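The exercises below ask you to read backbone geometry, strand pairing, helix packing and burial from a single set of coordinates. Please work through each task before turning to its solution.

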Amino acid sequence: MSKPMVTAANEQQRAAWNGGALPEVERVRPGLWSIPVPIPINPLRYVLVYAMELPDGVAVIDAGWNTDEAYEALSAGLGVAGYAVTDIKAVLVTHIHPDHYGLAGRLREASGAWIGLHPEDARLVHDRYDEPGIKELADRGRELLLRCGVPDLTAQELAGASMMMRSYVSTAVPDRLIEDGERLDLPGWNLKALWTPGHSPGHLCFVEADRKLLFSGDHVLPRITPHVAVHPQSAANPLADYLDSLRSVGKLDVDEVLPAHEYRFLELSERVDYVIGHHEERLAEVAAVLKAADGVTCWELATRLTWSRPWETIPLFMRRSATNETLAHLVWLEVRGLATRVAGEPDVWLFAENQ
């Protein structure tokens with residue numbers, strides 16, 4: 001399907017993204033600021049932290065990686081708005097990934113702010129970032145990759161690749177659990193939490209009904225689709241969860257979307273329709289490869305799919321993401337009765353004729 005262009009809410013911000021630059025700190029609305037915080041070794045380059053002015057300080061949505069560069073960038077951005085890190089009263093984390101959650105603990109130490117996460121992500125903190133949980137998680141990741149048909153040595157390397165991410169996170173148990181539909185007690189703001197699982201089990205968006213704004217985290221982005229995959233900490237069928245929550249968000253009456261990456265944009269429902277269509281096309285492609293094969297592992301199937309570049313040029317670490325994304329599509333087809341899994345070491349997948 002053709003990829004429609006969404007309208008950037010700020011053309012300078014989009015130009016900065018396209019040009020490989022860091023966008024400016026921006027006053028989006030009265031009392032609302034967008035602050036780009038750089039993230040290392042990542043093609044997304046930065047996370048957009050949103051600061052909402054309160055009578056006695058600011059609340060921020062997301063935080064960035066735990067690096068000195070990120071901390072200094074956030075501090076400088078708050079300075080442009082007339083605030084300091086010590087003025088932060090709340091850190092609303094959309095999800096547990098390092099570029100959103102990593103700096104939250106350090107911000108709490110500096111300011112006394114409370115940290116909020118959805119319960120489904122809060123329960124993953126220890127296993128994801130603390131010993132011995134992180135080691136056990138890597139072992140479970142290796143077992144899953146072996147079941148996908150990844151060669152043993154490659155599976156070992158891929159399973160341990162994310163261990164380095166631990167250094168970018170200041171582990172912080174949240175002070176508050178933010179439930180679906182909860183209205184946040186932030187004076188001057190009519191902010192409601194929306195549980196939007198898929199990219200992570202506890203991903204949250206925040207809608208500001210009075211200003212008709214959606215803070216979308218990684219759930220809806222203007223150019224790319226978020227990583228939705230089966231992995232040791234995912235839900236059983238994360239793609240189904242993602243598509244369901246995407247449809248729900250697409251019904252919102254908002255004028256502007258404020259994502260965590262790239263740039264702000266206007267057409268929420270059109271973008272949602274495109275992303276749903278993208279996954280429908282991908283599911284059809286996976287089903288077609290299954291139908292043409294006489295049994296195939298997830299790893300083998302992934303090598304036969306269309307990616308943004310030839311499979312042999314995809315870095316090894318990204319092949320893990322591609323494999324886990326492929327598995328998410330296979331699981332969705334299995335639940336719908338369009339694919340059959342023959343359990344083993346590795347699992348073998350077959351096209352199901354009884355559609």
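A residue is called buried when its relative accessible area is under 20%, exposed when that area is over 50%, and partly exposed in between. The model used throughout is a predicted one.

**Exercise 1. Cysteines**

Task: determine how many disulfides there are, and decide whether C148 is buried or exposed.

Solution. The test for a disulfide is a pair of cysteine sulfur atoms within 2.5 Å. By this rule the count is zero disulfides. For C148, the nearest cysteine sulfur belongs to C298 and is 4.1 Å away, and C148 is in no disulfide. The next step is accessibility: C148 has a relative accessible area of 2% and is therefore buried. C205 can be treated in the same manner, and its value of 0% makes it buried too.

**Exercise 2. The sheet of four strands**

Task: give the strand order of the open sheet of four strands, and find which strands stand at its edges.

Solution. Start with the pairings, one neighbour at a time. β8 and β9 are antiparallel and pair over five bridges, with A193 standing opposite F206 in β9. Strand β9 (residues 204–208) is in turn joined to β10 by three bridges, again in the antiparallel sense, and here E208 has L213 of β10 as its bridge partner. The hairpin of β9 and β10 has four residues between the strands, and within this hairpin K212 takes a positive phi near 55 degrees. From β10, four bridges lead to strand β11 (residues 256–259), this time with the two strands running parallel, and G217 stands opposite P259 in β11.

Putting these steps together gives an open sheet with the order β8-β9-β10-β11 and mixed pairing. β8 (191–195) and β11 are at the edges, because each has a single partner strand, so one side of each is left without a neighbour in the sheet. Averaged over this sheet, and with direction ignored, neighbouring strands are turned by 25 degrees against each other.

**Exercise 3. The two faces of β10**

Task: state how many residues of β10 are buried, and assign them to the two sides of the strand.

Solution. Recall that in a regular strand the side chains alternate between the two faces of the sheet. In strand β10 (residues 213–217), five of the five residues are buried. L213, F215 and G217 lie on one side, whereas L214 and S216 lie on the other, and both faces are covered.

**Exercise 4. The sheet of seven strands**

Task: describe the order of the open sheet of seven strands, and name the helix that packs on the sheet by touching β2, β3, β4 and β5.

Solution. The order is β1-β2-β3-β4-β5-β6-β7, with mixed pairing. The edge strands are β1 (26–29) and β7 (176–177), each of which pairs on one side only. The helix is α2, which touches β2, β3, β4 and β5 (88–92) and whose direction makes about 160 degrees with that of β2. At the far end of the strand order, β6 (residues 114–117) pairs with β7 in the parallel sense over two bridges, and L177 in β7 is the bridge partner of L117.

**Exercise 5. Two helices that cross**

Task: classify how α9 and α12 are oriented, and list the residues that make the contact.

Solution. The axes of α9 (residues 238–250) and α12 (residues 316–335) come within 7 Å and cross at roughly 85 degrees. Angles from 65 to 115 degrees count as roughly perpendicular, and α9 is therefore roughly perpendicular to α12. The contact is made by P238, L239, A240 and L243 of α9 together with A328, H329 and W332 of α12. By class, the residues of this contact are six nonpolar, one polar and no charged.

**Exercise 6. Backbone exceptions**

Task: for R45 and D62, give phi and location, and say whether each is buried or partly exposed.

Solution. Most residues other than glycine have a negative phi, and most peptide bonds are trans. R45 has a positive phi of about 70 degrees and lies in the loop between β2 (32–38) and β3 (46–54); with 23% relative accessibility, R45 counts as partly exposed. D62 has a positive phi near 75 degrees and lies in the loop between β4 (57–61) and α2 (68–80); its relative accessible area is 1%, so D62 is buried. A further exception concerns omega: the peptide bond from E345 to P346 is cis, with omega near 10 degrees, and P346 lies in the loop between β12 (339–342) and β13 (348–351).

How values were computed. Residues are numbered from 1 along each chain as its sequence is written. This is a predicted model: local features need pLDDT of at least 70, side-chain atom pairs count only at pLDDT 80 or more; totals for chains, interfaces and linings use all residues. Side-chain values use heavy atoms; hydrogens and water are left out. Buried means under 20% relative accessible area, exposed over 50%, partly exposed in between (1.4 Å probe, protein chains only). Two strands pair if DSSP finds at least two bridges between them. Contact means heavy atoms within 4.5 Å. Axes are lines fitted to C-alpha atoms, for helices over the stretch in contact, and angles run from 0 to 180 degrees between N-to-C directions. Angles under 35 degrees count as roughly parallel, over 145 as roughly antiparallel, 65 to 115 as roughly perpendicular and the rest as oblique. Ala, Val, Leu, Ile, Met, Phe, Trp, Tyr, Cys and Pro count as nonpolar, Asp, Glu, Lys and Arg as charged, and the others, Gly among them, as polar.
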